[in-house]
Amino acid sequence: IDTLQIKNLRSIKIVGFGEGQDLSAYVTPSIDVKIGSAVAKNMPAALLKKDIFELSSYVGMPIHGLIGFEFFNSFIVRINYLSNTLTIYRSETAHIPRKGTRIPITIEERKPYIVSDVTLGNGEKIAAKLILDTGAGHPISLETNAGLPFPVPDKKIPANLGIGLTGPIGGYMGRIPSIKLGKYELNNVIAAFPNYNDVAAKLTSISRNGNIGNAILKRFDVVFDYKREYVYLKPINQLKEAFEHDMTGMELIRLAPDFKRIVIARIEPGSPAAKLGLEVDDEILSINFKPVSEITMEEIDKAFRSRSGRSFFLTIVPKNSKDIDQVILTLERRI
């Protein structure tokens, strides 16, 4: 607030997903946002009084905030995951990507929804109403079906499914047979099953089944056209890659302010990391003799879900110790 000299603030309570209480924030109607040559003036913004997401630690770089509906609604937005670029087009001129498939969406309470055919583990097929959520790391999250929790697969693992506005979201990770987006069908898909009380029980207005996350969207070149209520999907080479979940059982974060050090934030019981005796607050110095300061979190995440049976040589400093340990961590597919 001081840095941007923001005025006309008012305090609000934000109701969101998670285990905790409602979140306090300020709201202002007068933020100017410039990305590249595109400028959106007088955009409303919420300023959280507490950094509950801790996105910087999980991603491993300074993150100052999130871009939401107002920006996407002001432009046509293309996300190219292969080139790591965001391209912004004027909304007056429709941008239709070559060889892209147009899929209708609806904008409800400032969120984009898509209807997708989903096949559940019990064989049931439903037309699922899902939020398109570019900020979610999972492929798909299934919250509620006709007011009831989705059946969790027999083969599952407990998981931390992220942070909502009011705290952590617990649940399970499993698999579903398939999901279909337009003419594209994805099979044996990793799915999150959040605890009903953390998410679905807090839905008050819009009937929905869950959301589609980044792990599916990044298999396409994606164009959002909110004004015309369409999304365009153009598949890339990664479309048919197998879906895999983390095979270590570790949740890692980087430490501020330089985000060069990595520590273990969570260990899943019964996982390879737990069997090896690793603990929360252990620091990882290197992976396969390469210092973690030279490896991105995305590269680590990709390596740790790469292949069951693959081994990594880790250099560790156990918590409350100055000694250095060296261990061999072997990946294990658990779902």
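1. Start with the hairpin of β8 and β9: five residues lie between the two strands, and G123 there has a positive phi near 95 degrees. β8 covers residues 111-119 and β9 covers residues 125-132. The strands run antiparallel and are joined by seven bridges; two strands count as paired if DSSP finds at least two bridges between them. Helices (H or I, at least four residues) and strands (E, at least two) are DSSP runs, numbered from the N terminus. Across this hairpin, Y113 faces I131 in β9.

2. A word on what you're looking at. This is a predicted model, with local features needing pLDDT of at least 70 and side-chain atom pairs counting only at pLDDT 80 or more, while totals for chains, interfaces and linings use all residues. Residues are numbered from 1 along each chain as its sequence is written, and side-chain values use heavy atoms, with hydrogens and water left out.

3. β8 also has a partner on the other side of the numbering: β7 (residues 106-108) runs antiparallel to β8, with three bridges between them. These two strands make a hairpin with two residues in between, and E109 in that turn takes a positive phi of about 50 degrees. Here T106 has Y113 as its bridge partner in β8. So which residue of β9 does Y113 stand opposite? That is I131, as in the hairpin above.

4. Y113 has a charge for company too. The charged end of K129 sits over the Y113 ring, 5.1 Å from its centre; the test is NZ of Lys or CZ of Arg within 6 Å of the ring centre and within 35 degrees of the ring normal. R102 does likewise over the face of Y230, at 3.9 Å from the ring centre.

5. K129 also makes a salt bridge with E108, at 2.9 Å from N to O. A salt bridge here is a side-chain nitrogen of Lys or Arg within 4 Å of a carboxyl oxygen of Asp or Glu. K129 is in strand β9 and E108 in strand β7, 21 residues apart, and the pair links distant parts of the chain. E108 is partly exposed because its relative accessible area is 23%; buried means under 20%, exposed over 50%, and partly exposed in between (1.4 Å probe, protein chains only).

6. How many salt bridges does a search of the whole structure find? The search gives 15. One of them joins E244 and R175, whose closest N and O atoms are 3.2 Å apart. E244 is in the loop between β16 (230-235) and β17 (250-254), R175 is in strand β12 (residues 167-181), and the two are 69 residues apart. Both E244 and R175 are buried.

7. Have a look at R334 and E268 as well, a salt bridge of 2.5 Å from N to O. R334 comes in the segment after β22 (325-330) and E268 in the loop between β18 (262-267) and α4, so this pair ties together parts that are 66 residues apart in sequence. R334 and E268 are both buried. They belong to a salt-bridge network along with D246 and R266.

8. On to the rings. Eight aromatic pairs turn up in the structure, where Phe, Tyr and Trp rings (the six-membered one for Trp) pair if their centres lie within 6.5 Å, and planes under 30 degrees apart count as stacked, over 60 as edge-to-face and the rest as tilted. F224 and Y226 are edge-to-face, 6.3 Å centre to centre with 80 degrees between the planes. F224 counts as buried because its relative accessibility is 2%, and Y226 is buried at 8%. Both sit in one aromatic cluster with F69 and F72.

9. Is F289 buried or exposed? At 63% relative accessibility, F289 counts as exposed. Its ring and that of F313 have centres 4.7 Å apart and planes at 20 degrees, so they are stacked. F289 is in the loop between β19 (283-287) and β20 (290-291), F313 is in strand β21 (residues 311-317), and they are 24 residues apart.

10. Last, the surface. V59, M61 and I63 make a nonpolar patch with about 220 Å² of accessible area together. V59, in helix α1 (residues 55-59), is partly exposed at 36% relative accessibility.

Conventions: Patches are made of residues with over 30% relative accessible area and no salt bridge: like charges are joined within 9 Å, nonpolar side chains (Val, Leu, Ile, Met, Phe, Trp, Tyr) within 5 Å. Accessible areas come from the Shrake-Rupley method with a 1.4 Å probe; for residues, only the protein chains shown count as cover.
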